[in-house]
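Colleague: Please show me the model, and then let us go through its sheets and its internal space by question and answer.

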Amino acid sequence: VSGGCLPDSAGPVHPSVFHNALRAQAMHAKVIEQDFRVPDERQLELARLATKHAAVDGQNATPIAGVSLMGASSTSQGLPALYEPCLGIVLQGRKQAVLRRETYIYDPLNYLVVSVTLPVNGHILEASPQRPYLSLRISIDTTVIADLLSQLPELKTQDDEVDRGLFVARTSDEMLDAVLRLMRLIESPRD
């Protein structure tokens, strides 16, 4: 159960840069208030598209550079892995990542952000042949993100968790719509 993101060749960027930017975005986004076990139409379409393109258990490449799909038809024991900077978006099922003594659980309503390369213990919590674990991994190019964020006014936060290189954030309606557009693009890459 690897992190599934491409290696970070740009060098590290302080985790607070990503945390502050995502926190600012989340303050203006409407979060999805529902039980992740009762998917809405968008989540059902995401799972259908991901099932089509994650043909085998494990990592599945897509036609889009830096984007991959992960599928698993069964739960897993905790496995050590090296997570590279990425967004980990669960489309179906549930997973946990353990970093030191902290556990991060992510599912279709909560996505994982990894802003620096970290040794993590990953464990798929919910998966079956009838309802496999499916996730989308989007590699983060830290050089591009740092350049974009340097053009924004400084974001201030009082949160003690600002220095974390790994965190879980609530999925907003806007984020879910963007992920669905990305999955549709994987379906028709020539568009």
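Modeller: Before we begin, buried means under 20% relative accessible area, exposed over 50%, and partly exposed in between, with a 1.4 Å probe and protein chains only. This is a predicted model, in which local features need pLDDT of at least 70 and side-chain atom pairs count only at pLDDT 80 or more, while totals for chains, interfaces and linings use all residues. Residues are numbered from 1 along each chain as its sequence is written, and side-chain values use heavy atoms, with hydrogens and water left out.

Colleague: Is isoleucine 89 buried or exposed?

Modeller: Isoleucine 89 is found in strand β4; strands (E, at least two residues) and helices (H or I, at least four) are DSSP runs, numbered from the N terminus. Its relative accessible area is 7%, so isoleucine 89 is buried.

Colleague: Which residues is isoleucine 89 in contact with, leaving aside its neighbours within four places in sequence?

Modeller: Contact means heavy atoms within 4.5 Å. With neighbours within four places in sequence left aside, the contacts of isoleucine 89 are Tyr111, Leu134, Ser135, Leu136, Ile138, Met175 and Val179.

Colleague: How far apart in space are isoleucine 89 and threonine 171, C-alpha to C-alpha?

Modeller: In sequence, isoleucine 89 and threonine 171 are 82 residues apart. In space, the C-alpha to C-alpha separation of isoleucine 89 and threonine 171 is 8.9 Å.

Colleague: In what order do the six strands of the open sheet stand?

Modeller: Two strands pair if DSSP finds at least two bridges between them. The pairing in this open sheet is antiparallel. β1 (58-61) and β10 (166-170) each have a single partner strand, so they stand at the edges, with one side of each left without a neighbour in the sheet. The order is β1-β2-β9-β4-β7-β10.

Colleague: What angle does the direction of helix α2 make with that of β4?

Modeller: Helix α2 (residues 41-53) packs on the sheet and touches β1, β2 (67-72), β4 and β9 (133-139). Axes are lines fitted to C-alpha atoms, for helices over the stretch in contact, and angles run from 0 to 180 degrees between N-to-C directions. The direction of α2 makes with that of β4 an angle of about 105°.

Colleague: Which residue in β7 stands opposite leucine 87?

Modeller: Strands β4 (residues 86-92) and β7 (residues 110-114) run antiparallel and are joined by three bridges. Opposite leucine 87 stands valine 113.

Colleague: Which element gives the largest share of the lining of the largest cavity?

Modeller: On a 1 Å grid over the protein atoms alone, a cavity is a set of points where a 1.4 Å probe fits but cannot get out, and lining residues have an atom within 4 Å of a point. The lining consists of Gln43, Leu46, Ile89, Val90, Leu91, Pro108, Thr171 and Leu176. Two or more residues are given by each of α2 and β4. The largest share, three residues, comes from β4.

Colleague: What is the bridge partner of lysine 95 in β8?

Modeller: Four strands form an open antiparallel sheet in the order β3-β8-β5-β6. Within this sheet, β5 (residues 94-99) and β8 pair in the antiparallel sense over five bridges. The partner of lysine 95 in β8 is isoleucine 124.

Technical notes:
1 Å grid on protein atoms, 1.4 Å probe; cavity = no way out; pocket = protein on both sides within 12 Å on 5 of 7 lines; lining within 4 Å.
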